[in-house]
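Please read the points below beside the structure, since they are meant for someone meeting it for the first time.

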Amino acid sequence: MIGRYLTDDYHHSNWFEPGGWQELALVAAAIKTRVFEHLADTGETAPDLAKVLNLDKRAIKVTLGALEALGYTSSEDGRHTLSPRALERFGNPQAPAYLGWAILHSWRLVERWLTLPAVLETGIPIAGDRFSESVEGFIRAMDVYAGATAAEVADICLGIMPGAASVLDIGGATGTLSKVLAKRGLTATLFDRPGAVRVIEAELARDFPAIELVGGDFNEQLPGGPFSIAFLGNVTHIYGADKMRVLFQRVAAELAPGGLIAILDFVRGRSASAALFGINMLVNTETGGTWTESEYRGWLIEAGFSDYEVRDLAARDQQLILAKKPRSADVPGALVL
């Protein structure tokens, strides 16, 4: 693999073509200024749209032209509407296929990446955090990503633990995996920050009343077990080695003997995305990053786990790190919590 800016066709293939950062910026702007939201309800001329949304007439005319060229909108007799696919993806935030949360999260990450020169000087992220687009925006963006892998993760976990009765979904956001496993008969406990729990509690109470919601900080404590499976989805890139060691020991304490820990993340040296995702965590966290197989193995063995393995996922360029708590009542080397 070679970096695209080391190729001779950089100017030919990387400027003003669909699918690049420019399209991301265009779509994010259309979401943030409510252009998509308004065009989902009614067709509108460019001048009328500028007036109702308090936007510049020239700017909205140029923007609508670009959106139409890319297939997001169509026009007839000067009136603009969302295309059927854009209506599905951007017309209704409550729709299952809605992509707006993920687009806004991606654009926020672009803004964070632009601070990289300053972070290189200090080693510290600039002010702002991963929830700057709102807690709801963040966890619903995570749901978009988790949805691609949830069924595959569930298949792997239940293939290893066919008799599993319960799962602890640590940092579970909207409960993407909890929902899949609950449908397959497991008792699910979704554990996340209290703010995230408040966003999702009414929705889960209506649609998945059997999923237990618990708010808290996994750096302090976890819900009491014993659980058959503990799942950590896109959690381990947030913190460094010291917190990972303690977290894995805390998980071991709440797993039943023979229980499974399943960790979904980018494994450095195995995932093609891991190195650049490490930069993503550099500009967003003080200690986060992506970790190697040997680092995960060391932390898990230290916490008393055995039967360590890593599986590549088909649905996304990520890995599932798996290990079991020994059936012995004691976990060798585990921290007493």
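**Notes on the fold**

1. In helix 12 the buried residues (under 20% relative accessible area, with a 1.4 Å probe and protein chains only) are Ala196, Val197, Ile200 and Leu204. This is a predicted model, in which local features need pLDDT of at least 70 and side-chain atom pairs count only at pLDDT 80 or more, while totals for chains, interfaces and linings use all residues. Residues are numbered from 1 along each chain as its sequence is written, and side-chain values use heavy atoms, with hydrogens and water left out.

2. Helix 12 covers residues 194–207, where helices (H or I, at least four residues) and strands (E, at least two) are DSSP runs numbered from the N terminus. From its first C-alpha to its last this helix of 14 residues reaches 20 Å, close to the 20 Å expected at 1.5 Å a residue, the expected span being 1.5 Å times one less than the number of residues. Helix 12 nevertheless has a kink of about 45°, centred on Ile200; the bend at a residue is the angle between axes fitted to the seven residues ending there and the seven starting there.

3. The buried residues of helix 12 pack against helix 9 (135–147), helix 11 (176–183), strand 5 and strand 6, contact meaning heavy atoms within 4.5 Å. Helix 11 is itself mostly covered, with six of its eight residues buried, namely Thr176, Leu177, Ser178, Lys179, Val180 and Leu181. Just after helix 11, Gly185 takes a positive phi of about 100°.

4. Seven strands form an open sheet in the order 6-5-4-7-8-12-11, with mixed pairing; two strands pair if DSSP finds at least two bridges between them. Strand 6 (212–215) and strand 11 (306–312) stand at the edges with a single partner strand each, so one side of each is left without a neighbour in the sheet. The twist averages 20° from one strand to the next, with axes fitted as lines to C-alpha atoms, for helices over the stretch in contact, and angles running from 0 to 180 degrees between N-to-C directions.

5. At the edge formed by strand 6, four bridges join this strand to strand 5 (residues 187–192), and the two run parallel. Thr189 stands opposite Glu212 in strand 6. Gly215, also found in strand 6, is partly exposed (from 20% to 50%), with a relative accessible area of 42%. Leaving aside neighbours within four places in sequence, Gly215 is in contact with Phe191, Asp192, Pro194 and Val197.

6. Helix 13 (residues 241–254) lies across strand 4 (166–170), strand 7 (227–233) and strand 8 (255–265), running at about 140° to strand 8. Helix 15 (residues 293–302) also packs on the sheet, where it touches strand 8, strand 11 and strand 12 (319–324), and its direction makes about 150° with that of strand 11.

7. Which residues have the most contacts inside the largest nonpolar core? They are Leu232, Phe248, Val251, Ile261, Tyr296, Leu300 and Phe305, in a core of 30 residues; such a core is a set of buried Ala, Val, Leu, Ile, Met, Phe, Trp, Tyr and Cys residues joined through side-chain atoms within 4.5 Å. Its largest share, five residues, comes from helix 13. Apart from this core lies another, of 28 residues, among them Ala150, Val153, Leu158 and Ala188.
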